[in-house]
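User: Please take a close look at one part of this predicted model, namely its salt bridges. A connected account would be preferred to a list.

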Amino acid sequence: MRDFSYQLYSSRNFGPLPVTLKMVAGHGYTQVEGYGALYASLADLPRLKDDLAANGLTMPTGHFGLDMVKDSPDRVIEIARSFDMAAVIVPFLPPDQRPTDTAGWQALAATLAEAGRPIIDAGYAYGWHNHNFEFVPLDDGTMPLDIIMAGSNDISLELDLAWVQVAGQSPTDWVQKYSDRLIAVHVKDLAPKGECADEDGWADVGHGIMDWRAIIPAVDASTARFLVMEHDNPSDDARFARRSIAAANAF
């Protein structure tokens, strides 16, 4: 059996965090992935550490906004050190900040690389987490994700497999393309078209359309160290956690 991580963003709309952590551990997860709202206040970090330890959980990866990485790298490092993280991941770019041409993406890639230098120098892996907008070809045919990855060989990738599928691309192909640059993958599934509308079209892992029989061997052959379960909008986070790890353990 693999050690699966659980992106706590999946449970943001549900019970108190200590209850969520107990639920996650109870279903067999050994790791969680943090996101910005969890460590908005440094004063809350000791309680979070205690709650993780009480449930036998670790937090080896965390999502941090680019502005925070760029403007407050010491704080990012302090948080990462507090939880003994291995990797700091930049997860998103708001629509109004997304470049529209190759030069713009190259500038963003340079900014991302420069912002990550203190993180890398402090001994942490540093990476980008994709959505689908990085797979919209530019006028010259290049993909924004390729430009980001070309910005620095020190940038790792947390590949969100389902967002690759949403973009009309092959998750397996992209895992193989950046096989030696992956630090983690988001194990996420898509419902058949027209289903799970109340969950924005996402599905519990193993209960959607993703071709896991092809994807998982490619992930196993890559440098990905963390397999992070995620659902962007579950109607029942405990159901998602339980069904997803059961399915994933059977892949």
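How many salt bridges does the count come to?

Analyst: The count comes to ten salt bridges in this predicted model. Side chains of opposite charge can pair when their charged atoms come close. Three of the pairs are described here, together with a network.

The side chains of Asp 146 and Lys 177 form one of these bridges, with an N to O distance of 3.0 Å. Asp 146 belongs to helix 6 (residues 144-150) and Lys 177 to helix 8 (residues 171-177), so this contact ties together parts that are 31 residues apart in sequence. Lys 177 has a relative accessibility of 44% and therefore counts as partly exposed, since that class lies between the limits of 20% and 50%.

Another bridge joins the side chains of Asp 232 and Lys 188, again described by an N to O distance of 3.0 Å. This pair links distant parts of the chain, 44 residues apart: Asp 232 sits in the loop between strand 10 (226-229) and helix 10 (237-249), and Lys 188 in the loop between strand 7 (182-187) and strand 8. Both Asp 232 and Lys 188 are buried. These two residues also take part in a network of salt bridges, in which they are linked with Asp 160 and Glu 230.

Helix 10 contributes to a further contact. Arg 243 forms a salt bridge with Asp 204, and the closest N and O atoms are 2.9 Å apart. Because Arg 243 lies in helix 10 while Asp 204 is in the loop between strand 9 and helix 9 (212-220), the pair ties together parts that are 39 residues apart in sequence. The accessibility of the two partners can be stated separately. Arg 243 has a relative accessible area of 31% and is therefore partly exposed. Asp 204, at 3% relative accessibility, counts as buried, because the buried class covers values under 20%.

The backbone of the loop that precedes strand 9 also merits a remark. Most residues other than glycine have a negative phi. Cys 196, however, has a positive phi near 55° and is not a glycine. This residue is placed in the loop between strand 8 (189-190) and strand 9 (202-203), and its relative accessible area of 30% makes Cys 196 partly exposed.

Terms used. Residues are numbered from 1 along each chain as its sequence is written. This is a predicted model: local features need pLDDT of at least 70, side-chain atom pairs count only at pLDDT 80 or more; totals for chains, interfaces and linings use all residues. Side-chain values use heavy atoms; hydrogens and water are left out. Helices (H or I, at least four residues) and strands (E, at least two) are DSSP runs, numbered from the N terminus. Buried means under 20% relative accessible area, exposed over 50%, partly exposed in between (1.4 Å probe, protein chains only). A salt bridge is a side-chain nitrogen of Lys or Arg within 4 Å of a carboxyl oxygen of Asp or Glu.
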